[in-house]
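Thanks for coming, everyone. I would like to walk you through one structure this morning, and since many of you have not met it before, I will go slowly and take it region by region. Please keep the sequence and the model open while I talk.

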Amino acid sequence: MEANGSPGPRIGDAFGLQLSDAVRLRRPVTAFVERSDGLIVPSGSAQWLNGEQEWPSAVRDALARAQGPVLDVGAGSGRHGAFLARRSMHVTALDTSALALGICRDAGVQETVRGDVTELEHRMRGREPFRTVLFLGNNVGLLGSVSRGTDILRQVHAITSADALIIAEGRRPVGGTADNDAYAERNLARGGLPGELVMRLRYGTTATDWFPYLFCGPEELERIAGAAGWRLCDVQDFRYPGAPSDAPLLSYTAVLRKHDGDG
Ligand SMILES: C[S@@+](CC[C@H](N)C(=O)[O-])C[C@H]1O[C@@H](n2cnc3c(N)ncnc32)[C@H](O)[C@@H]1O
């Protein structure tokens, strides 16, 4: 209960509400990411709705390798899935946000499935195996931890063809502030990776549930993926357009293949 007797944030589809408002109002709107230690940082909508001309070349290069059928995991507005659908690939978007999936359909994604990344095998049972699975928009974060990530990527293995690719985008953890360093040290002390977060998104008076999220480098991704039958075959570091040229290179794309896959 909050100070004046109000119940605190309503738990709901905060990300979907943020995207829907941005689309309806035709301007960027701001949500806030809240980390479990109380750190709050703004998160604008423009980054989730931009077109291919604004994407880092590393993302465009990785997407050039996609082949259908495609599964876009945590698809958001469907910007990447819709881009591939326009290139005649059949795209299925998976997301927990019903509002985001509506935006995906409006953008031209052919199929949408509401579900959690941890139940991929169940949600995709009986479908033709996917040849490309996207984890873009830093959706390596959805892997959450070593054990959760390995379980998710094992499920991706089970629903994909032998020659399948995962096209993923990740981000290394940011250190350098007392709060971030203390957070990473607590993770290490309990045996986790330094970049494991528990966070939620808040938009207006709505908040998502708390969820696990992972900032990790390609070496850590390789460890998680290797245990699930995948190998990293191409990694490209990049900065988001507009970042200062001396900013640390935190973001990367990674293309993964099955250990026993073609090539
Ligand atoms: C950071 S956004 C990225 C969206 C999109 N890939 C892009 O690049 O624009 C993360 C997306 O993942 C979805 N998401 C979060 N947790 C999820 C989960 N456990 N399972 C499936 N989707 C999830 C959110 O609703 C959101 O649409």
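**Around the ligand**

Let me begin with the ligand, which has 21 residues around it, and of these G74, G76, S97, V117 and G137 come nearest. Two elements, helix 3 (79–85) and strand 5 (91–95), each give two or more residues to this shell. By character, the shell divides into 9 nonpolar, 9 polar and 3 charged residues. I should say at once that what you are looking at is a predicted model, and please keep that in mind throughout.

There is also a record to mention here. The UniProt entry, which is unreviewed, carries the annotation "domain: Methyltransferase" over residues 70–122. In the model, that span is 38% helix and 25% strand, and its end C-alpha atoms lie 17 Å apart.

**Helix 1 and its cover**

Now let us turn to helix 1, which takes in residues 14–25. Does the length of this helix, from end to end, agree or disagree with what its 12 residues should span? At 1.5 Å a residue the expected span is 16 Å, and since the end C-alpha atoms are 16 Å apart, the two agree.

Which residues of helix 1 are buried? They are A14, F15, G16, L17, Q18, L19, S20 and A22. What covers them includes strand 2 (30–35), helix 4 (98–107), strand 9 (196–203) and strand 10 (206–207). Just after the helix, R26 takes a positive phi of about 55°.

**Strand 2 and its partners**

Strand 2, which we have just met as part of that cover, is worth following further. It runs antiparallel to strand 3, and 5 bridges join the two. Within this pairing, F32 stands opposite P42, and V33 stands opposite V41. Strands 2 and 3 form a hairpin with 4 residues between them, and in the turn G38 has a positive phi of about 105°.

Strand 2 is also joined to strand 9, again in an antiparallel arrangement, by 4 bridges. F32 takes part here too, with R202 as its bridge partner in strand 9. If you look at strand 3 itself, residues 40–44, you will find that it is hardly covered, with a count of 0 buried residues among its 5.

**Backbone details in the loops**

Next, I would like to point out a few places where the backbone deserves a second look. The peptide bond that joins G68 and P69 is cis, with omega at about 0°, and P69 has its place in the loop between helix 2 (57–63) and strand 4 (70–73).

S88 is not a glycine, and yet it has a positive phi of about 70°. You will find S88 in the loop between helix 3 and strand 5. Is S88 buried or exposed? It counts as exposed, because it has 7 C-beta neighbours inside 10 Å, and the cut-off for exposed is 12 or fewer.

N138, another residue other than glycine, has a positive phi near 60°, and it lies in the loop between strand 7 (130–135) and helix 6 (146–158). Because 19 other C-beta atoms lie within 10 Å of it, N138 is partly exposed; a residue needs 20 or more to be buried.

**Two contact neighbourhoods**

I will finish with two residues and what surrounds them. R114 lies in strand 6, residues 111–114, and counts as partly exposed, with 13 C-beta neighbours inside 10 Å. Leaving aside neighbours within four places in sequence, R114 is in contact with D95, T96, A98 and L101. As for D95, it is 19 residues from R114 in sequence, and the two are 5.3 Å apart in space, C-alpha to C-alpha.

P194 sits in the loop between helix 7 (178–189) and strand 9, and it is partly exposed, with 19 other C-beta atoms within 10 Å. Setting aside its neighbours within four places in sequence, P194 is in contact with P173, A184, N187 and L188. Finally, P194 and A254 are 60 residues apart along the chain, and their C-alpha atoms are separated by 20 Å.

Key: Residues numbered from 1 in each chain as written. Predicted model: local features only at pLDDT ≥ 70, side-chain atom pairs only at ≥ 80, totals over all residues. Expected span 1.5 Å × (residues − 1). Contact = placed C-beta atoms within 7 Å. Near = placed C-beta within 6 Å. Nonpolar A, V, L, I, M, F, W, Y, C, P; charged D, E, K, R; others polar. Pairing = 2+ DSSP bridges. UniProt positions renumbered as here; feature names shortened; annotations may be inferred.
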